[in-house]
Structures are given as structure tokens and as C-alpha cells.
Amino acid sequence: FDLNGTFEIITDLYNKDIEEEKINKNLSLIGKSIDLISKALGRSLSSFELETVTDWYSSENFKHEFIISKINEHSESSRFSVKFLERVLNQSLMKKETPDEKADQAIETIFKAMKSKRTNKS
């Protein structure tokens with residue numbers, strides 16, 4: 001009687017269930033975003049575009065309100081597309097991230113230590 005690998009199989013099944021639950025939980029939010037994007041584009045979204053929008057929610061990188069605000073903000077643009085919107089979302093996310101002062105100080109300390117070691121060897 002061998003149970004090797006059983007825990008991994010159970011873990012994989014559990015993770016798949018969690019992922020599916022996340023998607024089902026966000027279906028109405030995804031639907032609202034898809035509807036707004038479709039109206040802005042004047043057409044139905046392709047399967048790739050639908051998958052992209054769904055990924056925004058399953059990855060949890062962007063909050064629903066943030067996605068909606070960016071759709072409303074850029075829907076009148078002549079360049080508006082799902083790809084354009086994803087770029088805007090990612091750029092906005094990068095701008096929101098504040099630099100970690102402790103990490104910056106640690107990096108500065110390391111560089112100073114490296115520089116002083118080079119100076120001492122010379």
C-alpha cells in the first residue's frame with residue numbers, strides 16, 4: 001500500500017478548486033468589465049480578449065473599481081483596446097508602488113561596503 005504522491009495530488013485538486021471558486025466569485029464583476037469594454041469598442045470581445053480580462057481578476061493584480069475607472073477614463077480614446085487597457089493598468093500599478101526606504105538603505109550600505117573593499121585592495 002503506497003501513498004507516495006497522494007498529498008501532491010490532493011493539494012493540486014484543492015488549488016484548482018480555489019482557483020475555480022475565485023473565477024466564479026468574480027464572474028459578475030468580470031461580466032460588467034467585459035460589457036463596458038464591448039460597448040467602448042462597439043463589438044464583442046475575442047476569446048483572447050475575454051481571457052485577458054478574466055486573468056485581471058484571477059491574478060488579483062487589479063481591483064474591480066480600478067479596472068472600471070480605467071475603462072471609463074480611456075474608453076473614448078481612439079487607441080482603446082484590451083491590450084491598451086492592460087498597458088494602462090500595469091503602468092498605473094507601477095506608479096502606485098512606493099519605493100521601500102529600508103531596501104534602498106540596505107542596497108546603499110552594500111554598495112558602500114563593496115566600494116570600500118575595492119578602495120582597500122588598491
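Start by selecting Glu-108, which is partly exposed at a relative accessible area of 45%. On the scale used here, buried means under 20% relative accessible area, exposed means over 50%, and partly exposed is in between (1.4 Å probe, protein chains only). Before you click further, note that this is a predicted model, where local features need pLDDT of at least 70 and side-chain atom pairs count only at pLDDT 80 or more, while totals for chains, interfaces and linings use all residues. Residues are numbered from 1 along each chain as its sequence is written, and side-chain values use heavy atoms, with hydrogens and water left out.

**Stop 1: helix H6**

Stay with Glu-108 and add Lys-112 to the selection: the two form a salt bridge, with 3.2 Å between the closest N and O atoms. A salt bridge here is a side-chain nitrogen of Lys or Arg within 4 Å of a carboxyl oxygen of Asp or Glu. Both residues sit in helix H6, 4 residues apart, or about one turn of the helix. Helices are DSSP runs (H or I, at least four residues), numbered from the N terminus. Lys-112 is exposed, at a relative accessible area of 53%.

Now pick Ile-107, Ile-110, Phe-111 and Met-114, a nonpolar surface patch with about 390 Å² of accessible area together. Ile-110 belongs to helix H6. Patch members have over 30% relative accessible area and no salt bridge; like charges are joined within 9 Å, and nonpolar side chains (Val, Leu, Ile, Met, Phe, Trp, Tyr) within 5 Å. The areas come from the Shrake-Rupley method with a 1.4 Å probe, and for residues only the protein chains shown count as cover.

Try colouring by pLDDT, the predictor's confidence in each residue, from 0 to 100. Which helix has the lowest confidence, and which the highest? Helix H6 (residues 101–121) is lowest, at a mean of 78, and helix H4 (residues 64–74) is highest, at 94. The protein averages 86, and 92% of the residues score at least 70. Where pLDDT is low, the predicted coordinates should not be read in detail.

**Stop 2: helix H4 and a neighbour in H5**

Jump to helix H4 and select Lys-70 and Glu-73, which lie 3 residues apart in it, about one turn of the helix. They make a salt bridge too, with the closest N and O atoms 3.4 Å apart. Is Lys-70 buried or exposed? Lys-70 counts as buried, at 13% relative accessibility.

Next, put a distance label between the C-alpha atoms of Ile-71 and Leu-85: they are separated by 7.1 Å, with their positions 14 residues apart along the chain. Leu-85 is in helix H5 (residues 82–96) and is buried, with a relative accessible area of 0%.

**Stop 3: around helix H3**

Select Arg-43 and Glu-49 for another salt bridge, with 2.9 Å between the closest N and O atoms. The partners differ in cover: Glu-49 counts as buried at 12% relative accessibility, while Arg-43 counts as partly exposed at 40%. How many salt bridges does a search of the whole structure find? It finds 4.

For charge, select Glu-19, Glu-51, Asp-55 and Glu-60, which gather in a negative patch on the surface. Asp-55 lies in helix H3 (residues 47–58) and is partly exposed, at 39% relative accessible area. Glu-60 is in the loop between H3 and H4 and counts as exposed at 52%. Check its backbone as well: phi of Glu-60 is near 60°, a positive value in a residue other than glycine. Most residues other than glycine have a negative phi.

**Last stop: helix H1**

Finish on Thr-11, in helix H1 (residues 6–25), which is partly exposed at 28% relative accessible area. Draw a line from Thr-11 to Val-53: 42 residues apart in sequence, the pair is 27 Å apart in space, C-alpha to C-alpha.

Key:
Helices (H or I, at least four residues) and strands (E, at least two) are DSSP runs, numbered from the N terminus. Lys and Arg count as positive and Asp and Glu as negative; His and the chain ends are not counted. The place of a charge is taken as NZ of Lys, CZ of Arg, CG of Asp or CD of Glu.
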